[in-house]
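This report considers one protein together with its ligand. It turns to the surroundings of the ligand, then to the sheets, and finally to two points of backbone geometry.

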Amino acid sequence: MKKNCPKRLFLHVEETESTNNDIKKMIYSGDCRAVVLSADTQSNGRGRLGRSFLSPRGGVYFSAAYPLSGGEDNIPFLTLAAGLAVAESIENSPKADGAPAPLIKWPNDIYLNGKKVCGILTELVRAGEKTVAVVGVGVNLKSFGEKLPKELENKISTLNCEGYFPESGDFIRLAVARLDRLVYVRGVLGDVPDDIVEELNRRSFVRGREIVFFDGQNETCGTALSIERDGSLRAATENGDFFIRFGEITTPKNGGI
Ligand code: BTN
């Protein structure tokens, strides 16, 4: 998929159920290929694996569509590319001295200082002949106030708490422009260039850490080695190297996140 980046149309609403759902509805009802939709808050924000995604005011929630031509053979890489685009956008935001580097927890989270500050949900929509990938990004920007459930207190944080102070509109534009460039100019949904695989590994939160992988039925323990060109995570286990393509990993030595 190497071509020019689309000219994006940025729409913003105060509140919605889920920006991913809205973009999906647009896809079903016609065309939305260039729209980026953002919201101040979501009443039914959705995360990976059927979970909900807490979306109070003070966060940044947006979704964009990536129509697929059929020639892309590396669609799982889209989530990682989005993670890279968001991590670089965080790093390029106004920041305090000594703000920690944003790291990518395979496959879809961004961490600062060992705490989650962003989640990414990629969904595929089939409408008629067309297949469109919808990439949704939720970033914790400002303080949560008192709304944060106790069990999440030590597991999630916000950009502001960790020393980053982007303006939300600028941040969305920067992140989408970076992801568009990765998809349309660098062609990451086909052959991923070496420098991008290297950059992802440089920014990997789990590299070298003990991980537990849960595939829905069984748990496998190992050490995370590298993010691979096909989007999988390679881990060393007692039975040899193992390639994790889908599912959930946790890092038990980091409080189970
Ligand atoms: C996760 O952490 O599991 C992924 C969270 C993805 C949340 C974003 S917010 C914008 C878009 N709309 C949704 O309902 N979900 C995604």
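Which of the 21 residues around the ligand come nearest? Ser18, Gln42, Arg46, Arg48 and Lys116 do. The model is a predicted one, and the descriptions below should be read with that in mind.

**The ligand and its surroundings**

The ligand sits in the largest pocket. Several secondary structure elements contribute to its shell: α1 (19–29), β3 (59–68), β6 (115–127) and β7 (130–140) each give two or more residues. Among the elements, β6 gives the most, with four residues.

Three polar contacts between protein and ligand are set out in the table.

| Residue | Protein atom | Ligand atom | Distance |
|---|---|---|---|
| Lys116 | polar side-chain atom | oxygen | 2.6 Å |
| Arg48 | backbone N or O atom | oxygen | 2.7 Å |
| Asn20 | polar backbone atom | nitrogen | 3.5 Å |

The ligand taken alone exposes 420 Å², and the protein buries 97% of that area.

**The sheet of seven strands**

Strands of a sheet pair through backbone hydrogen bonds, and the pairing may be parallel or antiparallel. One open sheet of this model consists of seven strands, arranged in the order β1-β2-β3-β7-β6-β5-β4, and its pairing is mixed. At its edges stand β1 (9–16) and β4, each of which pairs on one side only. When direction is ignored, neighbouring strands of this sheet are turned against each other by 25 degrees on average.

Within this sheet, β5 and β6 illustrate an antiparallel pair, joined over four bridges. Leu112 has Lys115 in β6 as its bridge partner.

**The sheet of five strands**

How are the strands ordered in the sheet that has five of them? The order is β11-β10-β9-β8-β12; this sheet is open too, and its pairing is antiparallel. Because β11 (240–244) and β12 (248–250) stand at the edges and each has a single partner strand, one side of each is left without a neighbour in the sheet. From one strand to the next, the twist averages 45 degrees.

Strand β8 pairs with two strands of this sheet. With β9, the pairing is antiparallel over five bridges, where β8 covers residues 210–214 and β9 covers residues 219–227. Ile211 has Gly222 in β9 as its bridge partner. The two strands β8 and β9 form a hairpin, with four residues between them. In the turn of this hairpin, Gly216 has a positive phi of about 105 degrees. With β12, strand β8 shares three bridges, and these two strands also run antiparallel. Here Val212 stands opposite Thr250 in β12.

**Two points of backbone geometry**

Which form does the peptide bond from Trp106 to Pro107 take, cis or trans? The bond is cis, and its omega is near -5 degrees. Pro107 is placed in the loop between β4 (103–105) and β5 (109–112).

The second point concerns Leu49. Its phi is near 55 degrees, which is a positive value in a residue other than glycine. Leu49 is found in the loop between β2 (35–42) and β3.

Definitions and conventions
Residues numbered from 1 in each chain as written. Predicted model: local features only at pLDDT ≥ 70, side-chain atom pairs only at ≥ 80, totals over all residues. Heavy atoms only, no water. Pairing = 2+ DSSP bridges. Axes fitted to C-alpha atoms, helices over the stretch in contact; angles between N-to-C directions. Near = heavy atom within 4 Å. Polar contact = N/O pair within 3.5 Å; in protein donor to acceptor, adjacent residues only side chain to side chain. Areas by Shrake-Rupley, 256 points an atom, 1.4 Å probe, with all protein chains shown as cover. 1 Å grid on protein atoms, 1.4 Å probe; cavity = no way out; pocket = protein on both sides within 12 Å on 5 of 7 lines; lining within 4 Å. Sits in = over half its atoms within 2 Å of the grid points.
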